[in-house]
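Biologist: Could you take me closely through one part of this model, the second largest pocket, and say which residues line it? Please set out the cut-offs as you go.

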Amino acid sequence: MVVFSVPAEVAVILLDIEGTTTPITFVQDTLFPYIKDNVKEYLRMHWEEEECQEDVSLLRKQAEEDSKLDGVVPIPLETGNGEDEIERVIQAVVDNVCWQMSLDRKTTALKQLQGHMWRAAYATGRMKGEFFEDVVPAIRKWREAGMKVYIYSSGSVEAQKLLFGYSTEGDILELFDGHFDTKIGHKVESESYRRIATSIGCSANNILFLTDVTREANAAEEADMHVAVVVRPGNAGLTDDEKSYYNLITSFNELFLPLSN
């Protein structure tokens, strides 16, 4: 087993979710298909609610910002209250959501709606969050050793809390000191990681970031964080240069914490 010795100055472990704590198959085969299969029904059921209207307004604003992109689906304003009019707008929202998801976009507008839909699915038991078997035991050991543990994912903070709150391991939210999403910045931008360090209240070099995406690892490294790339079943392959450059782990059990922690 390969062992990565965590530098002595590290006091915080920052975790990605997809491909790091959670199998990509859960995201691709469960979470995202649920949105596509149920978004129209969800909108029809919740259309009159303030939260749903806020989600639609945010998606409409995003569509306006995306107006020059190929294939973008604009979302018109309602000009009346008739059922046909509402159905026309709902269909535009559905088409816009499917277009964004086809491009694997990470917009806050899309993530917010997805989070609200997943909340309903988790609460009714239609789905439960899944993790690699080494994840929860390892995080418990890190916490016992005095480490703080945070999450940074492109999924909304609400979606993250649902994943960990309604999981196959039960409610494990207590294991985390905080959550970050793209509201703090995009994951491939180094400034995002500087903001996270400031928000936590430590130096960037006090943080170890675990991710399966080398572009994210590079951005974190530019911000002076320590980085290890997680190699899991189903994750994208790495180039020979990436394999030789980055610290690689295939399990959280391969992290060795110094006695000082």
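Modeller: The second largest pocket is lined by Tyr 34, Asn 38, Glu 41, Tyr 42, Met 45, His 46, Met 117, Ala 120, Ala 121, Thr 124 and Arg 126, where a lining residue has an atom within 4 Å of a point of the pocket, and a pocket is an open set of points on a 1 Å grid over the protein atoms alone, reached by a 1.4 Å probe, with protein on both sides within 12 Å along at least five of seven lines. The model is a predicted one, in which local features need pLDDT of at least 70 and side-chain atom pairs count only at pLDDT 80 or more, while totals for chains, interfaces and linings use all residues. Residues are numbered from 1 along each chain as its sequence is written, and side-chain values use heavy atoms, with hydrogens and water left out.

The volume of this second pocket is about 160 Å³, a volume being the space filled by probe spheres set on the grid points, which are joined across faces, edges and corners. Both α1 and α4 supply at least two residues of its lining, and α1 gives the most, with six residues; helices here are DSSP runs (H or I, at least four residues) numbered from the N terminus. By residue type, the lining divides into six nonpolar, three polar and two charged, with Ala, Val, Leu, Ile, Met, Phe, Trp, Tyr, Cys and Pro counted as nonpolar, Asp, Glu, Lys and Arg as charged, and the others, Gly among them, as polar.

The same two helices also take part in the largest pocket, since α1 (24–46), α4 (108–123), α6 (157–165) and α8 (214–222) each supply at least two residues of its lining. That pocket holds about 760 Å³ of space, and of the 33 residues that line it, the closest to its centre are Asp 16, Glu 18, Lys 106, Ser 154 and Glu 216. The largest share of that lining, five residues, again comes from α1, and its residues divide into 13 nonpolar, 10 polar and 10 charged.

Helix α4 also holds Gln 114, which counts as buried at 1% relative accessibility, where buried means under 20% relative accessible area, exposed over 50% and partly exposed in between, for a 1.4 Å probe and protein chains only. Leaving aside residues up to four places away in sequence, Gln 114 touches Phe 32, Ile 35 and Met 101, a contact being heavy atoms within 4.5 Å.
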